[in-house]
Amino acid sequence: AKILGPRPEAWDGHWTLLHARFDTSERDQRERLYELLRSEGFASLGAGAFIHPRDRSARILEAAEEEGIGDRIVLVRGARRAQGIYRSATSRVRRAA
């Protein structure tokens, strides 16, 4: 959470999950995306996977398109159901190539 930002909206129970896949030659693009994700409050789950409890899809997709890396990410929103099963709140927003 951003300390000096506005009070966050109530959590709707949905998570934003992002997976990024880059070639080794795309290190600069990968690092720019990861920096954006950190600045937006995403937590790393490891190996290109990130999670956020709010919907940041529009901002992330816009930035990815501006950087020309929209085809490198998969972004989904989902909610936890009983016993660890998740259901998708939206379909894949962006599919990795």
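This report describes the salt bridges of a predicted model and the exposure of the residues that form them.

**Overview**

Side chains of opposite charge can pair when their charged atoms come close. In this predicted model the count comes to 9 salt bridges, and three of the pairs are set out in the table, each with the distance between its closest N and O atoms.

| Salt bridge | Closest N and O atoms |
|---|---|
| R77 and D12 | 3.1 Å |
| E26 and R72 | 3.0 Å |
| E67 and R32 | 2.7 Å |

**R77 and D12**

The salt bridge between R77 and D12, with its closest N and O atoms 3.1 Å apart, links distant parts of the chain, since R77 lies in strand β4 (residues 73–80) while D12 belongs to the segment before β1 (14–20), 65 residues apart. The two partners can also be described by their exposure: R77 has a relative accessible area of 7% and is therefore buried, the limit being under 20%, whereas D12, at 47%, is partly exposed.

**E26 and R72**

In the salt bridge between E26 and R72, the closest N and O atoms are 3.0 Å apart, and here too distant parts of the chain are linked: E26 is in the loop between β1 and α1 (27–39), and R72 is in the loop between α2 (57–67) and β4, with their positions 46 residues apart in the chain numbering. Both partners, E26 and R72, are buried.

**E67 and R32**

The salt bridge of E67 with R32, in which the closest N and O atoms are 2.7 Å apart, connects two helices, as E67 is in helix α2 and R32 in helix α1, 35 residues apart along the chain. Both side chains fall in the intermediate exposure class, with E67 partly exposed at a relative accessible area of 39% and R32 partly exposed at 41%.

Beyond individual pairs, salt bridges that share partners join D23, E26, D71 and R72 into one network, so that the buried residues E26 and R72 described above belong to this network as well.

**The position of R21**

A further arginine, R21, is found in the loop between β1 and α1, and with a relative accessible area of 43% it is partly exposed. The C-alpha atoms of R21 and V74 are separated by 8.7 Å, although these residues are 53 residues apart along the chain.

Technical notes
Residues numbered from 1 in each chain as written. Predicted model: local features only at pLDDT ≥ 70, side-chain atom pairs only at ≥ 80, totals over all residues. Heavy atoms only, no water. Salt bridge = Lys/Arg side-chain N within 4 Å of Asp/Glu carboxyl O. Helix = DSSP H or I, 4+ residues; strand = E, 2+ residues; numbered from the N terminus. Buried < 20%, exposed > 50% of the residue type's maximum accessible area, 1.4 Å probe, protein only.
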